[in-house]
Amino acid sequence: MTDSGPSTQDLISERGFAPERRATALIEALPYIQQFRDAVVVVKFGGNAMVDPSLSASFAQDVVLLRSVGLRPVVVHGGGPQIGALLQRLGKSTEFVDGLRVTDSETLDVARMVLVGKVGRDIVGAINVHGAFAVGVSGEDGGLITAAPTDKALGFVGDVASVQPGILERLLAERMIPVVSTIGVDGSGQAYNINSDTVAGALAGALGAEKAIYLTDVAGLLTDPDDPDKPDSVVPHATVEDLEAMIADGTISGGMIPKVRACIDAVKSGAASAHLLDGRIPHVLLLELFTDAGIGTMVTP
């Protein structure tokens with residue numbers, strides 16, 4: 001009798017497959033896939049998830065999977081570190097006021113080049129490895145984002161004045177994945193760089209998104225930022241009223257305030273919920289959307 005080679009069961013064991021566990025995961029995901037089919041999900045992509053190649057690759061896989069099971073993802077990205085790095089290479093100094101980069105015309109040109117021409121293209125390319133699904137869009141395109149200056153002292157830094165989501169709705173109707181760079185324009189055509197958290201919240205509201213998801217470098221909203229590993233430090237769920245109170249009493253402070261404000265604005269303007277997730281966890285989008293446990297912080301009206 002000749003040796004026919006390893007059995008299927010041997011191969012399964014050698015490769016670390018656990019069929020029953022994988023089947024259980026698929027069954028657990030099924031009701032969520034059914035619940036969220038055709039739902040718009042706006043994802044703010046940034047932090048370590050953007051600069052770590054393995055996390056970027058897993059993020060692209062997650063976004064394509066969302067599309068494949070019937071969701072309609074929209075990706076919004078920032079690029080502050082990449083803008084800073086290019087400015088440094090060009091020998092241009094950077095000034096910050098209250099955490100916001102003072103943006104003169106030269107800095108704005110660099111921001112547009114980095115956000116639209118580099119970071120956005122990289123994300124589109126990573127997604128399109130899995131199929132020709134992603135399309136890069138700037139807030140300047142199709143009148144998507146009308147901007148207003150934040151403060152004259154900041155130069156060409158803007159706020160979202162209004163959103164006309166028609167271009168995104170058309171792309172979503174064609175089952176494409178929009179990847180949005182956060183440059184907006186005012187009525188005269190002047191461009192402004194806008195905070196990506198703010199843009200994600202505004203787009204989620206305008207599109208009536210089921211979820212606005214923010215990938216961060218922390219586990220979620222923390223009651224004790226100095227000790228994030230405390231079991232009860234992460235707030236699993238909060239309402240808009242809860243968050244307003246936590247900002248007022250100082251529980252939420254510093255760099256977390258813009259993200260929390262973006263969650264509040266997204267929910268107030270029409271998104272069903274907003275989520276702060278730890279983008280350092282591979283496939284965190286799938287864990288949040290398709291498992292019973294959930295992860296991070298969920299914000300509801």
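Arg175 comes out as partly exposed, at a relative accessible area of 40% (buried is under 20% relative accessible area, exposed is over 50%, and partly exposed falls in between, with a 1.4 Å probe and protein chains only). This residue sits in the loop between helix H7 (166–173) and strand S8 (177–181); helices (H or I, at least four residues) and strands (E, at least two) are DSSP runs, numbered from the N terminus. Arg175 is not a glycine, yet has a positive phi of about 65°. His283 also shows a positive phi without being a glycine, here of about 60°. Its place is the loop between strand S13 (273–278) and helix H11 (284–290), and His283 is partly exposed at 30% relative accessible area.

A word on the ground rules. The model is a predicted one, with local features needing pLDDT of at least 70 and side-chain atom pairs counting only at pLDDT 80 or more, while totals for chains, interfaces and linings use all residues. Residues are numbered from 1 along each chain as its sequence is written, and side-chain values use heavy atoms, with hydrogens and water left out.

Taken as a whole, the protein has 11 helices and 14 strands. Its radius of gyration is 21 Å, which agrees with the value near 19 Å for a compact globule of 301 residues (the radius is taken over C-alpha atoms, and the globule rule is 2.2 Å times the number of residues to the power 0.38). The C-alpha trace spans about 85 × 45 × 40 Å along the principal axes. Of the 301 residues, 46% are buried. As for contacts (heavy atoms within 4.5 Å), 72% of those with a separation of 6 or more join residues 24 or more positions apart. The accessible surface amounts to about 14,600 Å², and carbon and sulfur atoms hold 53% of it; areas come from the Shrake-Rupley method with a 1.4 Å probe, and for residues only the protein chains shown count as cover.

On the charge side, there are 22 positive and 37 negative side chains, and the centres of the two sets lie 6 Å apart. Lys and Arg count as positive and Asp and Glu as negative, with His and the chain ends not counted; each charge is placed at NZ of Lys, CZ of Arg, CG of Asp or CD of Glu. Side chains of opposite charge can pair when their charged atoms come close. With a salt bridge defined as a side-chain nitrogen of Lys or Arg within 4 Å of a carboxyl oxygen of Asp or Glu, the count is nine.

One of these bridges is buried at both ends. Lys259 and Asp197 pair through their side chains at 3.3 Å, N to O. This pair links distant parts of the chain, with Lys259 in helix H10 (residues 256–268) and Asp197 in helix H8 (residues 196–206), 62 residues apart. Both Lys259 and Asp197 are buried. Lys44 joins Asp197 and Lys259 in a network of salt bridges. Lys44 belongs to strand S1 (residues 40–45) and is buried, with a relative accessible area of 6%. Beyond its neighbours within four places in sequence, Lys44 is in contact with Val76, Gly78, Ser196, Asp197, Ala200, Ile213, Tyr214, Leu215 and Lys259. The C-alpha atoms of Lys44 and Ala202 are separated by 11 Å, with their positions 158 residues apart along the chain.

Helix H10 also supplies Lys268, which forms a salt bridge with Glu244, the closest N and O atoms being 3.6 Å apart. Here too distant parts of the chain are linked: Lys268 is in helix H10 and Glu244 in helix H9 (residues 240–248), 24 residues apart. Lys268 is exposed at 59% relative accessibility, whereas Glu244 is partly exposed at 27%.

Another bridge stays within one helix. Lys118 and Asp122 meet at 3.1 Å, N to O, and both lie in helix H6 (residues 105–128), four residues apart, or about one turn of the helix. Lys118 is partly exposed at 47%, and Asp122 is partly exposed at 42%.

Finally, there is Asn193 in strand S10 (residues 191–194). Asn193 is buried, with a relative accessible area of 16%. Not counting residues up to four places away in sequence, Asn193 touches Ile83, Leu108, Ala111, Leu115, Phe156, Val157, Gly158, Thr182 and Ile183.
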